[in-house]
Amino acid sequence: MDLAFWLSLAAFIAVSAVSVDVALGWRRITHLKDVAVPAGAHQPRVSLIVSALNEAGTIEPALRSLLAIDYPDLELIVIDDRSTDATGEIIDRLAARQPRLRALHLRELPPGWLGKNHALSKGAAAASGDYLLFTDADAVFAPSAVARAVAWCEARRVDHLTLFFDLVARPLLLRLMVISFAAAFMGRFRPWKTASSARHHIGIGGFNLVRRTAYETVGGHGAIPLAVLDDMELGRLLKGAGHVQHVLSGEDMVFIEWYRSTPELMRGLEKNVFAGFDYRLSMLAGVTVLVLITRVWPWLALLTTSGPAWWLSLATVTVGLALYLDLLRARKWPLRCLLFAPRVPAIELAIWWRACLLTLLRDGVTWRGTHYPLAQLRAAHRAMAARGK
């Protein structure tokens, strides 16, 4: 047997194992919309915390949707994080009319902090809720989402609940990029095991509901001031401290438009990607080889091989498309998104390498108008990793 055969066999085994695991695993995740709120159930105070910077064009409709949440004891804390546009004025105008909305204005960023992490830390310090719900300024909640989430936590003594929210995407290519990202994320972190396994943790920034006592026990965002992937790091901290962590599907409950196009996604991920590879080119190179073997080679082999290698590659492509088809149907997205399937792995590799090389060339990342040196980010990452051992 030649090299083409062994590459095709390895790709088939790997893709089949991951695809079956993800296809069976995501079905084990409970849907928030199926969670009932018992009559007369205890509904403790919830502080919903949002940070915004220069979002004057979108902040008002977003906050109005959050103010429409149907929960009896909810406060909405909105942090104007050094905005230079009308964001602060819009927040103040809404706060003057809505007693549930409380505005905080930050004008400076202390050394050693990422802007978002600092803002969320200040919001948590000002909050009065028994639960802290961290979300994004562009999130749209169904009116019953918070009540259902709290009911789940109260009934099962959950300290940290996060959601796979509905990602709004319109272009067909972007939709398949979202599906591919979701498949890879679930394959790596296996969120259906979060509640039962001490090794698995998760955190998703669009919806992180944390019991206040648990948040304070781990040091909150003050323990991860320079974490670019702050949502996952918070989840890791909470799980590592022994707190109960669950993940649910937020389908039809929480909606966020992540990015409006693939180029926007590429630019938006510039600050995150290298952190996802632990700031190591060696890890990026290793994952690149894995992607080339499992996701690029099968398509090329259909054009360049014959015999057993060709049939194995056809089987690999079919299994991968079947997983995409399964996830597309779950989101009710059109199947013609699959037309972009051969291109997606190459686009993902381009996004990863572009982001990592730009971080190296720029000696760090720029986020919310502030530049963070790479050495500082790496040192903070190593410290967090050491603390997690």
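Buried means under 20% relative accessible area, exposed means over 50%, and partly exposed lies in between, with a 1.4 Å probe and protein chains only. Take D2 as a start: at 48% relative accessibility, D2 counts as partly exposed.

Before going on, some ground rules. This is a predicted model, where local features need pLDDT of at least 70, side-chain atom pairs count only at pLDDT 80 or more, and totals for chains, interfaces and linings use all residues. Residues are numbered from 1 along each chain as its sequence is written, and side-chain values use heavy atoms, with hydrogens and water left out.

Back to D2. D2 lies in the segment before α1 (3–25). Helices here are DSSP runs of H or I with at least four residues, strands are runs of E with at least two, and both are numbered from the N terminus. Between the C-alpha atoms of D2 and R190 there are 34 Å, with the two positions 188 residues apart along the chain.

Now α2, residues 59–67. Which residues of this helix are buried? They are I59, A62, L63, S65, L66 and L67. Contact means heavy atoms within 4.5 Å. The buried residues of α2 pack against β1 (46–52), β2 (74–81), α3 (87–97), β3 (101–106) and β5 (140–141).

Next, a helix pair. The axes of α6 (residues 172–189) and α13 (residues 344–361) come within 11 Å and cross at roughly 75 degrees. That makes α6 roughly perpendicular to α13. On the terms: axes are lines fitted to C-alpha atoms, for helices over the stretch in contact, and angles run from 0 to 180 degrees between N-to-C directions. Under 35 degrees counts as roughly parallel, over 145 as roughly antiparallel, 65 to 115 as roughly perpendicular, and the rest as oblique.

Who makes the contact? From α6 come L173, L176, M177, S180 and F181, and from α13 come V344, I347, E348 and I351. By class, that is 7 nonpolar, 1 polar and 1 charged residues. Nonpolar covers Ala, Val, Leu, Ile, Met, Phe, Trp, Tyr, Cys and Pro; charged covers Asp, Glu, Lys and Arg; the others, Gly among them, are polar.

Stay with α13 for T359, which is found in that helix. T359 counts as buried, at 2% relative accessibility. Its contacts, leaving aside neighbours within four places in sequence, are E270, F274, G364, V365 and L374. The C-alpha atoms of T359 and E270 are separated by 7.6 Å, although the two are 89 residues apart along the chain.

One more buried residue: R212, with a relative accessible area of 19%. R212 sits in helix α7 (residues 212–217). Not counting residues up to four places away in sequence, R212 touches A124, A125, A127, S128, G129, D130, Y131 and L132.

Last, the cavities. On a 1 Å grid over the protein atoms alone, a cavity is a set of points where a 1.4 Å probe fits but cannot get out, and lining residues have an atom within 4 Å of a point. How many cavities of 30 Å³ or more are there? The count comes to 2. The largest has a volume of about 60 Å³. α4 (115–126), β4 (131–135) and α8 (230–240) each supply at least two residues of its lining. The largest share, 3 residues, comes from α8. That lining has 3 nonpolar, 4 polar and 4 charged residues.

The second largest cavity holds about 40 Å³ of space. Its lining divides into 6 nonpolar, 2 polar and no charged residues.

How values were computed
On a 1 Å grid over the protein atoms alone, a cavity is a set of points where a 1.4 Å probe fits but cannot get out, and a pocket is an open set with protein on both sides within 12 Å along at least five of seven lines; lining residues have an atom within 4 Å of a point. Grid points are joined across faces, edges and corners, and a volume is the space filled by probe spheres set on the points.
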